[in-house]
There are 2 protein chains.
Amino acid sequence: MTEELSVLHPDVVAKVKASMAAEETLYDLAELFKVFGDSTRIKILSALFQSEMCVGDIAVALGMTQSAISHQLRVLKQAKLVRYRKEGKVVYYALDDDHVKEIFHQGLNHINEDRR
Amino acid sequence: MTEELSVLHPDVVAKVKASMAAEETLYDLAELFKVFGDSTRIKILSALFQSEMCVGDIAVALGMTQSAISHQLRVLKQAKLVRYRKEGKVVYYALDDDHVKEIFHQGLNHINEDRR
DNA sequence: TAGATATATGAACATTTGTTCACATGTATA
DNA sequence: TATACATGTGAACAAATGTTCATATATCTA
């Protein structure tokens, strides 16, 4: 960042900078997408698309360790993408809101478009 | 993955596994979101939201190195999130399609919902 | 043609991240 | 109450990732 960069289009740069969302908002947005950007977490979300599930069953469905799933569920929980309810020693996880589904579907749209 | 996991709800697991998208599709989806999951790339996309821009101006607008921007533009290009056109020695980048905007906005919706 | 400018790229380095392993916590049941 | 079971969690390790630095490539202009 120490290099000297000349501005080719000062008007454009000024207008663009003025129109951009707050630094913090963009950071939060990147953090949100980061959560979607892991195949284990995407698989978990995809599974919960169908119905709520407990931790052990998710692990079996994905062929992964209970511990790995639990770690990732924590990430999804912190991002408010999933919610949970306890029933005795079993914990059931479910998608938290419909934004998850919509973000998911928009992503699929883009991917399918690529394959035309 | 060597541990023994018992299935608590065999019916649910079977139904969920049957309903999930193909492994490869979910992998590609995660790869797509991974591209959105970096604040530099999010800022670049956010900037291009307003108008097309050349590499140097993006660097100035974001206060970052030309090299860093160029590296990230390559990632965005590979994911088909941006396209470019050359005009002499200047290269202008722009958003590739509207899915980018929609995914972006869905993400913002989720974030704003969190702040209620 | 030589030099300046805009962009691209490879290697190196530090940081982040996901899984594993071992074990802690909490709950049901014999 | 002791044991089994479901889940959560910290530390360690390997792999992936983003930036920097140096330099390559391409194009314009004096």
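# Questions on a predicted two-chain model

User: Does His99(B) count as buried or exposed, going by its relative accessibility?
Analyst: In this predicted model, His99(B) has a relative accessibility of 13%. Buried means under 20%, so at 13% the residue falls in that class. His99(B) therefore counts as buried.

User: Which residues is His99(B) in contact with, leaving aside its neighbours within four places in sequence?
Analyst: His99(B) has its place in helix α6 of chain B, residues 98–114. With neighbours within four places in sequence left aside, its contacts carry the letter of chain A. They are Gln106(A), Asn109(A), His110(A) and Glu113(A).

User: What rotation superposes chain B on chain A?
Analyst: The superposition has an RMSD of 0.0 Å, with 0.0 Å of shift along the rotation axis. The two copies are thus related as by a two-fold rotation axis. The same surface serves both copies, since 100% of the contact residues of chain B recur in chain A. The rotation is 180°.

User: In what order do the 3 strands of the open sheet in chain A stand?
Analyst: The pairing in this sheet is antiparallel. β1 (53–54) and β2 (82–87) of chain A stand at the edges with a single partner strand each, so one side of each is left without a neighbour in the sheet. The order is β1-β3-β2.

User: How many bridges join β2(A) to β3(A)?
Analyst: Strand β3 of chain A covers residues 90–95, and 2 bridges join β1(A) to it. In that antiparallel pair, Cys54(A) stands opposite Tyr92(A). β2(A) and β3(A) also run antiparallel, with Val82(A) opposite Leu95(A). The number of bridges joining β2(A) to β3(A) is 6.

User: Which residue takes a positive phi in the hairpin of β2(A) and β3(A)?
Analyst: This hairpin has 2 residues between the strands. The phi in question is near 65°. The residue is Gly88(A).

User: At about what angle does helix α3 of chain A run to β3(A)?
Analyst: Helix α3 of chain A consists of residues 39–50. It lies across β1, β2 and β3 of chain A. Its angle to β3(A) is about 90°.

User: How far does helix α2 of chain A reach from its first C-alpha to its last?
Analyst: Helix α2 of chain A, residues 23–36, has 14 residues. At 1.5 Å a residue, 20 Å is expected, and the model comes close to this. Among the buried residues of α2(A) are Leu26(A), Leu29(A), Phe33(A) and Phe36(A). The reach of the helix is 21 Å.

User: What arc around the axis do the buried residues of α5(B) cover?
Analyst: The buried residues of α5(B) are Ile69(B), Gln72(B), Leu73(B) and Leu76(B). Their arc puts them on the same side of α5(B). What covers them includes α2, α3, α4, β2 and β3 of chain B. The arc is only 110°.

User: How far apart are the end C-alpha atoms of helix α5 of chain B?
Analyst: Helix α5 of chain B takes in residues 66–78, which makes 13 residues. At 1.5 Å a residue these should span 18 Å, and the model agrees. The end C-alpha atoms are 18 Å apart.

User: Which residue with a positive phi follows α5(B)?
Analyst: The residue is found in the loop between α5 and β2 of chain B. Its phi is near 60°, a positive value in a residue other than glycine. At 42% relative accessibility it counts as partly exposed. The residue is Lys80(B).

Methods: Residues numbered from 1 in each chain as written. Chains lettered and ligands numbered in written order. Predicted model: local features only at pLDDT ≥ 70, side-chain atom pairs only at ≥ 80, totals over all residues. Heavy atoms only, no water. Pairing = 2+ DSSP bridges. Helix = DSSP H or I, 4+ residues; strand = E, 2+ residues; numbered from the N terminus. Contact = heavy atoms within 4.5 Å. Axes fitted to C-alpha atoms, helices over the stretch in contact; angles between N-to-C directions. Expected span 1.5 Å × (residues − 1). Buried < 20%, exposed > 50% of the residue type's maximum accessible area, 1.4 Å probe, protein only. Arc of directions from axis to C-beta. Least-squares fit on C-alpha atoms with pLDDT ≥ 70 in both.
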